[in-house]
Amino acid sequence: MNFSNVISKKKNNIELTEQEINWLVESYVSEKLKDYQMAAFNMAVCFNGMTNTELAAFTKAMINSGITYNLDGVTGPFADKHSTGGVGDKTSLIFAPLVAKFGVKVSKLSGRGLGQTGGTIDKLESCTGWTGEISETRFKEILNTVGLSIMGQSKEVVPADKKLYALRDVTGTVDSIELIASSIMSKKLVVPADSIILDVKVGSGAFMKDISSAEKLASTMIGLGKSYNRNVSVMLTNMDKPLGRAIGNAIEVKEAWDTLHGKGPDDLNELCVTAAALTLTQTKIFNSLETAKKELYKTLADGSAAHYLKDFVIAQNGDFSMIENYEKYFTTKYQHEIVAPKEGYVKFKSADGLGYLSMHLGAGRETKEDNIDFSAGIYLNKVNGEKVEAGQVIMTLYTNIDDKTRFINEANEQILITDQIEQEPVILKLITQ
């Protein structure tokens with residue numbers, strides 16, 4: 001078997017065999033195949049796509065490039081949720097406690113953030129001592145005792161994806177539906193789950209910019225889930241605006257904690273309740289989505305699921321008292337209030353822009369080597385569609401970096417004050433099997 005034959009078939013839209021795909025992935029991971037050769041294959045996929053058979057084989061080969069987890073000894077049902085990334089997206093920290101309250105175990109692998117979107121692992125590390133680097137044995141122990149556990153993606157988990165993503169990032173092949181779907185699903189299928197909820201962000205602050213592309217990605221991932229007998233549902237959600245009011249790390253964990261006590265913003269409540277309701281109907285805890293949502297809203301109101309977040313952080317060595325005493329631990333040298341120049345309704349130009357502002361304040365990374373300031377971030381005193389009077393605070397910036405003029409100018413560039421209210425839904429569409 002050689003690369004010339006494989007790339008020739010792919011270039012001419014001839015379906016590759018499972019053996020050829022296995023050889024391709026194995027050769028690339030073992031470095032027998034060079035970056036320039038794999039880049040050529042990726043570009044051929046961008047132009048010609050993959051058949052369902054090819055995509056299933058390609059995803060399986062990626063999964064088999066590393067270790068997988070079993071949950072022997074843990075009583076299910078099991079659930080997982082994945083977001084394609086968004087500004088202010090702390091939903092996993094709310095979703096997991098909500099479904100754990102109803103006896104569904106959340107076994108999840110998560111990653112770090114890069115650029116304008118934050119990572120769940122970074123947010124959790126704002127609780128000093130918290131670690132996602134735990135053994136499979138400890139992972140199972142926490143699932144049995146707490147009901148949820150989140151691990152960081154180790155080097156041994158889907159190493160093919162790490163190599164492929166880094167290559168795609170620098171060769172203009174990130175936006176292939178098939179390569180995105182295989183990347184996401186290979187990581188979701190490593191850990192057993194009876195229910196998988198995929199939150200596909202759509203809009204200016206997301207990778208998928210339009211509904212049609214997002215729908216195609218959703219149906220592709222549902223198909224991959226079916227091939228593994230997994231029940232997959234997809235939420236297409238609005239990322240033309242940030243989610244909730246908090247953008248950063250510790251500030252987002254605090255918002256998750258407040259939301260679990262019934263004090264969350266409406267958009268965040270709606271998204272998390274809907275995601276959890278999908279899981280609870282897929283796992284037969286409730287017979288209908290509406291009944292599940294009704295019970296979950298009650299759960300938020302009475303705060304009965306909140307302790308699952310705290311217990312989980314403590315079980316993975318984190319100091320959750322830092323979140324409970326937020327003002328003591330997460331002060332910054334500088335706080336800048338951005339005020340409205342006139343009366344009207346707030347509209348942010350793009351979620352992306354606010355995400356990059358948060359990164360510049362110190363809350364994100366431009367490169368993987370950058371350090372994160374857990375205290376830095378943005379609080380949106382007003383969100384899209386809210387009325388504001390002249391001189392009222394629209395957002396507050398928190399940073400330890402002395403660059404006031406730049407930050408205020410960058411913040412003001414993201415704000416529009418309109419004469420008419422614009423109400424945008426947070427959930428654009430639900431796609432289920």
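Trainee: How far apart are the C-alpha centres of domain 2 and domain 3?

Mentor: They lie 25 Å apart. Bear in mind that this is a predicted model.

Trainee: What do the two domains put into their contact?

Mentor: Domain 2 gives 24 residues and domain 3 gives 27 residues. Those residues count as contacts because heavy atoms come within 4.5 Å. The area buried between the two domains is about 1,900 Å², with carbon and sulfur atoms giving 56% of that.

Trainee: Why is the pair Glu-386 and Arg-245 called a salt bridge?

Mentor: Check the distance. The closest N and O atoms of Glu-386 and Arg-245 are 2.7 Å apart, and the cut-off is 4 Å between a side-chain nitrogen of Lys or Arg and a carboxyl oxygen of Asp or Glu. The pair is within that limit, so it's a salt bridge. Between domain 2 and domain 3 the count is one salt bridge.

Trainee: And how many residue pairs are in polar contact across that interface?

Mentor: The rule finds six, with both residues of a pair at pLDDT 80 or more. On the side of domain 2 that touches domain 3, the elements giving two or more residues are β6 (246-248) and α11 (250-259). The largest share, three residues, comes from β6.

Trainee: What makes up that side of domain 2 by class?

Mentor: You'll find eight nonpolar, nine polar and seven charged residues there.

Trainee: Where do these domains sit along the chain?

Mentor: Domain 2 covers 78-154 + 169-323, and domain 3 covers 331-418. There's also domain 1, at 3-49.

Methods
Residues numbered from 1 in each chain as written. Predicted model: local features only at pLDDT ≥ 70, side-chain atom pairs only at ≥ 80, totals over all residues. Heavy atoms only, no water. Domains from an automatic or database assignment. Buried area = accessible area lost by both parts, 1.4 Å probe. Polar contact = N/O pair within 3.5 Å; in protein donor to acceptor, adjacent residues only side chain to side chain. Helix = DSSP H or I, 4+ residues; strand = E, 2+ residues; numbered from the N terminus. Nonpolar A, V, L, I, M, F, W, Y, C, P; charged D, E, K, R; others polar.
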